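The following paragraphs lead the reader through a single protein chain, beginning with its metal site and ending with its charged contacts. Please keep the sequence and the structure in view while reading.

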Amino acid sequence: MDDSTNKASLREPCVPGLFSEEGEPSLHGARCTCCDTPYFPRVAACRNPGCDESRIVPCTFGGEGRLWSYSVADFPPPPPHRYDKPFMPYAIGVVDLDSGLRVVGQMVDAVEFMQVGSRVRLVIEPIHHEDGRTFTSWKFKLLDR
Ligand SMILES: [Zn+2]
C-alpha cells in the first residue's frame, strides 16, 4: 500500500464546509454587498443594524493578515473539543485579514513567539489525530519567523 496516498486520504476537516485547503487555503464566508460587512461562517442575512438592505453573497477569505490580539490556552478545552495528548499550551490569535475579516484561530507557532502586530498567513493544519485519521482546522502562521 502507498502510505503517502493513504495518509492524504485520511486527512479531513474537523467541521465540514467551513474551509478549504485546495489551492490557496480559505475560509468559506460571506459579505454583504450593501454595507460591505464580512461574515465567517456564512450567514443568511446581514446583522449590521445600520445596513439598509441585506444582500449576502458567498465569498472566501484567506491569505495574509495581522495579529490583532491573542490569548494563551493553558489548559485542555472542555468536550466536545478534542486535542492530541499530552496537552500542549497554544496561542489563540485574533487576526485582521487584509481582506477585511477579523477572525479567531489557533496559532501554529509557540506561545513565546506571539507579538501583537505580527504578519500572519491563514493555513490549514492538523488539529488532532484519532483512530488513524488526521483532523484539520484553520490556523494562523507567523510570517516573520
Ligand atoms: Zn449589510
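Donors are here the N, O and S atoms within 2.8 Å of the metal, a cut-off of 3.2 Å being applied for Na, K and Ca. The model discussed is a predicted one. With that definition in hand, the donor residues of the zinc ion show the sequence spacing C-x2-C-x10-C-x4-C. They are Cys-32, Cys-35, Cys-46 and Cys-51, each contributing its SG atom, and they lie 2.3 Å from the ion. Because the 4 donor atoms subtend angles of 101 to 115° around the zinc ion, the arrangement is tetrahedral.

Two of these cysteines, Cys-35 and Cys-51, link distant parts of the chain. Cys-35 belongs to the loop between β3 (26–32) and β4 (38–39), while Cys-51 belongs to the loop between β4 and β5 (56–62), 16 residues apart. How accessible are they? Cys-35 has a relative accessibility of 25% and therefore counts as partly exposed. Cys-51, by contrast, has a relative accessible area of 16% and is therefore buried.

The strand β3 leads from the zinc site into the surrounding sheet pairings. Of the 7 residues of β3, 6 are buried, so this strand is largely enclosed by the rest of the structure. β3 and β5 are paired in the antiparallel sense through 7 bridges, and Arg-31 has Val-57 in β5 as its bridge partner. β3 is also joined to β4 by 2 bridges, again with the strands running antiparallel; here Ala-30 stands opposite Tyr-39 in β4. The hairpin of β3 and β4 has 5 residues between the strands, and Asp-36 takes a positive phi near 70° in it. On the side of β2, 2 bridges join that strand to β3 in antiparallel fashion, with Ser-26 in β3 as the bridge partner of Ser-20. β2 and β3 likewise form a hairpin with 5 residues between them, and Gly-23 in its turn has a positive phi of about 70°.

Further along the chain, β7 and β8 are paired in the antiparallel sense over 5 bridges. One of the paired positions is Asp-96, whose bridge partner in β8 is Arg-102. These two strands form a hairpin with 4 residues between them, and Gly-100 in the turn has a positive phi of about 105°. β8 also pairs with β10, in the parallel sense and over 2 bridges; Gln-106 has Lys-139 in β10 as its bridge partner.

What lies in the interior? In soluble globular proteins, nonpolar side chains tend to be buried together. The largest nonpolar core of this model has 19 residues, and those with the most contacts inside it are Leu-27, Val-103, Met-107, Trp-138 and Phe-140. At least two residues of this core come from each of β7 (90–97), β8 (102–107), β9 (119–130) and β10 (133–142). Apart from this core lies another, of 5 residues, including Cys-32, Val-43, Cys-46 and Cys-51; among the members of that second core, Cys-32, Cys-46 and Cys-51 are also zinc donors. Returning to Met-107, and leaving aside residues up to four places away in sequence, this side of the picture can be filled in: Met-107 touches Leu-67, Ala-91, Ile-92, Gly-93, Met-114, Val-120, Phe-140 and Leu-142.

The charged contacts complete the description. The count comes to 11 salt bridges. In one of them the side chains of Arg-11 and Glu-21 meet at 2.8 Å, N to O. This pair links strand β1 (residues 11–13), where Arg-11 lies, with the loop between β2 (19–20) and β3, where Glu-21 lies, 10 residues apart. Arg-11, at 31% relative accessibility, counts as partly exposed, and so does Glu-21, at 35%.

A second group centres on Arg-119 in this account. The side chains of Glu-64 and Arg-119 meet in a salt bridge of 3.3 Å, N to O. Glu-64 lies in strand β6 (residues 64–73) and Arg-119 in strand β9, 55 residues apart; Glu-64 counts as partly exposed at 28% relative accessibility. Arg-119 also forms a salt bridge with Asp-98, with the closest N and O atoms 2.7 Å apart. Because Asp-98 lies in the loop between β7 and β8 and Arg-119 in strand β9, this pair ties together parts that are 21 residues apart in sequence. These residues belong to a network of salt bridges that links Glu-24, Glu-64, Asp-98, Arg-119 and Arg-121.

Notes:
Residues are numbered from 1 along each chain as its sequence is written. This is a predicted model: local features need pLDDT of at least 70, side-chain atom pairs count only at pLDDT 80 or more; totals for chains, interfaces and linings use all residues. Side-chain values use heavy atoms; hydrogens and water are left out. A nonpolar core is a set of buried Ala, Val, Leu, Ile, Met, Phe, Trp, Tyr and Cys residues joined through side-chain atoms within 4.5 Å. Buried means under 20% relative accessible area, exposed over 50%, partly exposed in between (1.4 Å probe, protein chains only). Contact means heavy atoms within 4.5 Å. Four donors count as tetrahedral if all angles lie between 85 and 135 degrees; four count as square planar and six as octahedral if opposite donors are over 155 degrees apart and all others between 65 and 115; anything else is irregular. Two strands pair if DSSP finds at least two bridges between them. A salt bridge is a side-chain nitrogen of Lys or Arg within 4 Å of a carboxyl oxygen of Asp or Glu.
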